[in-house]
Amino acid sequence: MKKYIVRFWLVLSWARQQCIAFLAIALACYAALGVAIRLTIKDAIPFLATVYYAAPLPAVTLAALFAGLLWLLLRKPRRAWLSLAVGMVCAWWTFQHTYVTNPNRSDNSDRCVMFWNMSSGRLGWSRMVTELNSQNPDVIGLVECGHNDSDAMIRWQEAFPDYEVTESLGGMLLLSKCQVISDVYGSLGNSGQYKHVTIETNSGVLHVFVVDIKSDPLMPRREPLEEFAEVTAALGDQPI
């Protein structure tokens, strides 16, 4: 009986190690694929675009670090340190893309432009108004800001009395402390749209774009981005 119990625990230990090894391999492959695609083709190919969007940097970082810990548990030091090194690099890469390393306003700039995705107001109206006004930007670009009606426009104007409020088109809105000269709406294929507002600043005319591209992991963004590049290229050397 004792012999069978020992065999059972040996099999159970072997199965546990195999599960841990499988998980470590899966996490390491996920991290490696995420880094490789991010450094090369990104979302240029429709099928692989799904992998690109399913492997954001924070997730890749955690996968690599966790894989490294599992390799240490399995006493595979070379694989462990390689995975941990990739995880640390991805953690630094992630940190460089956060707001911590990006100042709200450049010291040598006389103009501040702010963009905000309102997510249809899920985070609350008052919180958003307070945050935007605290930054005191010259121009505010908003997407997913809700329906366009007279009551909404009055509400925007009351919340931002120092700004000229443009018409909300396609859920996109622009507020400007400078004089608005023109306001044009355009589509970017079947998955994007833009709002082109021309304003008059102290240093001359400035073209401001608010762009909203549909977030769909099965749809690459190359086509709408190329169309938008053509729109901006038509302006030549005019400031954007």
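Start with Arg79 and Trp71: in this predicted model, the charged end of Arg79 sits over the ring of Trp71, 4.9 Å from its centre. Trp71 is worth following inward, since it is also among the residues that touch the most other members of the largest nonpolar core. That core has 16 residues, and Leu27, Ala31, Val60, Leu70 and Leu74 share this well-connected status with Trp71. Look at where the core comes from: helix H1 (2-39), helix H3 (57-73) and helix H4 (77-96) each put in at least two residues.

Leu27 is a handy place to see the packing up close. Leaving aside residues up to four places away in sequence, Leu27 touches Ala63, Phe66, Ala67 and Leu70. Now move on to a second, separate core, this one of 15 residues, with Met128, Trp156, Val165 and Leu175 among them.

Trp156 brings us to the aromatics. The structure holds 6 aromatic pairs. One of them joins Trp156 to Phe160, and this pair is stacked, with 6.0 Å centre to centre and 20 degrees between the planes. Both Trp156 and Phe160 are buried. Tyr163 comes into the picture too, as ring pairs link Trp156, Phe160 and Tyr163 into a cluster.

What about Tyr194 and Phe228, how are their rings arranged? Their centres are 6.4 Å apart and their planes meet at 55 degrees, so this pair counts as tilted. Tyr194 belongs to strand E6 (residues 192-201) and Phe228 to helix H7 (residues 222-233), so the pair ties together parts that are 34 residues apart in sequence. Tyr194 and Phe228 are both buried as well.

Methods: Residues are numbered from 1 along each chain as its sequence is written. This is a predicted model: local features need pLDDT of at least 70, side-chain atom pairs count only at pLDDT 80 or more; totals for chains, interfaces and linings use all residues. Side-chain values use heavy atoms; hydrogens and water are left out. A nonpolar core is a set of buried Ala, Val, Leu, Ile, Met, Phe, Trp, Tyr and Cys residues joined through side-chain atoms within 4.5 Å. Buried means under 20% relative accessible area, exposed over 50%, partly exposed in between (1.4 Å probe, protein chains only). Helices (H or I, at least four residues) and strands (E, at least two) are DSSP runs, numbered from the N terminus. Contact means heavy atoms within 4.5 Å. Rings of Phe, Tyr and Trp (its six-membered ring) pair if their centres lie within 6.5 Å; planes under 30 degrees apart count as stacked, over 60 as edge-to-face and the rest as tilted. A charge sits over a ring if NZ of Lys or CZ of Arg is within 6 Å of the ring centre and within 35 degrees of the ring normal.
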